[in-house]
Amino acid sequence: RVGSVVQTPTLGTPYSIARNRSILVIGDSFSDTFDSPILSAGQHGDYPYQARRRFPLGAFAINTRAWPGARISEITTQLTGALAETQGASGAAPYTICVSQGGINDQILYDATLAQMQADKLEQIAAIEAAGMLPVLVNIAAFDAYASWSSGRQTIVEQFNDWLATLGYPLYDIYADSDDGTGTMK
């Protein structure tokens, strides 16, 4: 894995996508848009907003559906609403790629086990593929400055991130980009 806010931190084979397609971003507050009341401008790097700046104008539409505080299983339900919005909409480009982020809330709010997080993520990936989209995964960011963080939570985050990297999908390593070297967000 490579991480840098100015390079392309990916793992896996990139997809080739035709122009005039839409990209769906699902996740928690890290995927929330630039003007979120939860996040100040660019607080977590705001990768959906930054991605809009990198794609050629008129070539792709990037739509974000994010719920601050959502768990992986709750994030999966974001697919239904997003897909319903494009069905029957005149001129709407179909979603081709789904950027899938989430998992920190499974730890800090719900103490989910690694096995539960993995099962929920596999269900989410299956739902993305069943909807005809190609998944791009985003792992969990560095977050050990949270008040109730523990070494056990850190271990689960590291194990989950390592496991995501074995699935073979393109992966944005937000952990590497956000880590100040101690597991705390820059």
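In which loop does D111 lie? In this predicted model, D111 is found in the loop between α4 and α5. Its backbone is notable, for D111 has a positive phi of about 50 degrees although it is not a glycine. Most residues other than glycine have a negative phi. With a relative accessibility of 51%, D111 counts as exposed, because the threshold for that class is over 50%.

From this loop the description turns to the strands. β2 (21-27) and β4 (95-101) pair in the parallel sense, and five bridges connect them. Within the pairing, I26 stands opposite S100 in β4. Six of the seven residues of β2 are buried, so the strand is largely enclosed by the rest of the structure. β4 also pairs with β5 (134-138), again in the parallel sense and over five bridges, and here Q101 stands opposite V138 in β5. Of the five residues of β5, four are buried, so β5 too is largely enclosed by the rest of the structure. β5 is joined in turn to β6 (171-172) by two bridges, and the two strands run parallel. The bridge partner of V138 in β6 is Y172. V138 therefore has a place in two pairings, standing opposite Q101 and having Y172 as its bridge partner in β6.

The connection between β5 and β6 involves helix α6: β5, α6 and β6 make a right-handed β-α-β unit. Helix α6 comprises the 15 residues 151-165, and at 1.5 Å a residue it should span 21 Å; its end C-alpha atoms are 21 Å apart, which agrees with that expectation. The buried residues of α6 are R153, Q154, I156, V157, F160, N161, W163 and L164. These buried residues pack against several elements, namely α2 (72-76), α4 (104-108), α5 (114-130), β5, β6 and α7 (174-178).

The packing of nonpolar residues can be followed from here. The largest nonpolar core has 29 residues, and those with the most contacts inside it are F30, V99, I104, M117, I140, F160 and L164. At least two residues of this core are supplied by each of β2, β4, α4, α5, β5, α6 and α7. The largest share, five residues, comes from α6. What lies around F160, once its neighbours within four places in sequence are left aside? F160 is then in contact with I72, G102, L114, M117, Q118, K121 and I140. A second, separate core has ten residues, including I26, I75, L79 and A82.

I26 also appears among the contacts of Q78, a residue of helix α3 (residues 78-86). Leaving aside neighbours within four places in sequence, Q78 is in contact with I26, G27, R65, A66, W67 and A70. Is Q78 buried or exposed? At 3% relative accessibility, Q78 counts as buried, because the limit for that class is under 20%.

The aromatic residues offer a further view of the interior. A search of the whole structure finds three aromatic pairs. In one of them, the rings of F143 and W149 have their centres 6.5 Å apart and their planes at 70 degrees, so the pair is edge-to-face. F143 counts as buried at 19% relative accessibility, and W149 counts as buried at 15%. In another, the rings of F160 and W163 have their centres 5.7 Å apart and their planes at 40 degrees, so this pair is tilted. F160 and W163 are both buried. Being three residues apart in helix α6, F160 and W163 are separated by about one helical turn. An α-helix has 3.6 residues a turn, so residues three or four places apart point the same way. A single aromatic cluster is formed by F30, F143 and W149; of these, F30 is also listed among the residues with the most contacts inside the largest nonpolar core.

The path closes in the segment after α7, where D180 lies. D180 is partly exposed, with a relative accessible area of 41%. Although D180 and A142 are 38 residues apart along the chain, their C-alpha atoms are separated by 8.1 Å.

Key: Residues are numbered from 1 along each chain as its sequence is written. This is a predicted model: local features need pLDDT of at least 70, side-chain atom pairs count only at pLDDT 80 or more; totals for chains, interfaces and linings use all residues. Side-chain values use heavy atoms; hydrogens and water are left out. The expected span of a helix is 1.5 Å times one less than its number of residues. Buried means under 20% relative accessible area, exposed over 50%, partly exposed in between (1.4 Å probe, protein chains only). Contact means heavy atoms within 4.5 Å. A nonpolar core is a set of buried Ala, Val, Leu, Ile, Met, Phe, Trp, Tyr and Cys residues joined through side-chain atoms within 4.5 Å. A crossover is right-handed if, with the strands pointing away from the viewer, the path from the first strand over the helix to the second runs clockwise. Rings of Phe, Tyr and Trp (its six-membered ring) pair if their centres lie within 6.5 Å; planes under 30 degrees apart count as stacked, over 60 as edge-to-face and the rest as tilted.
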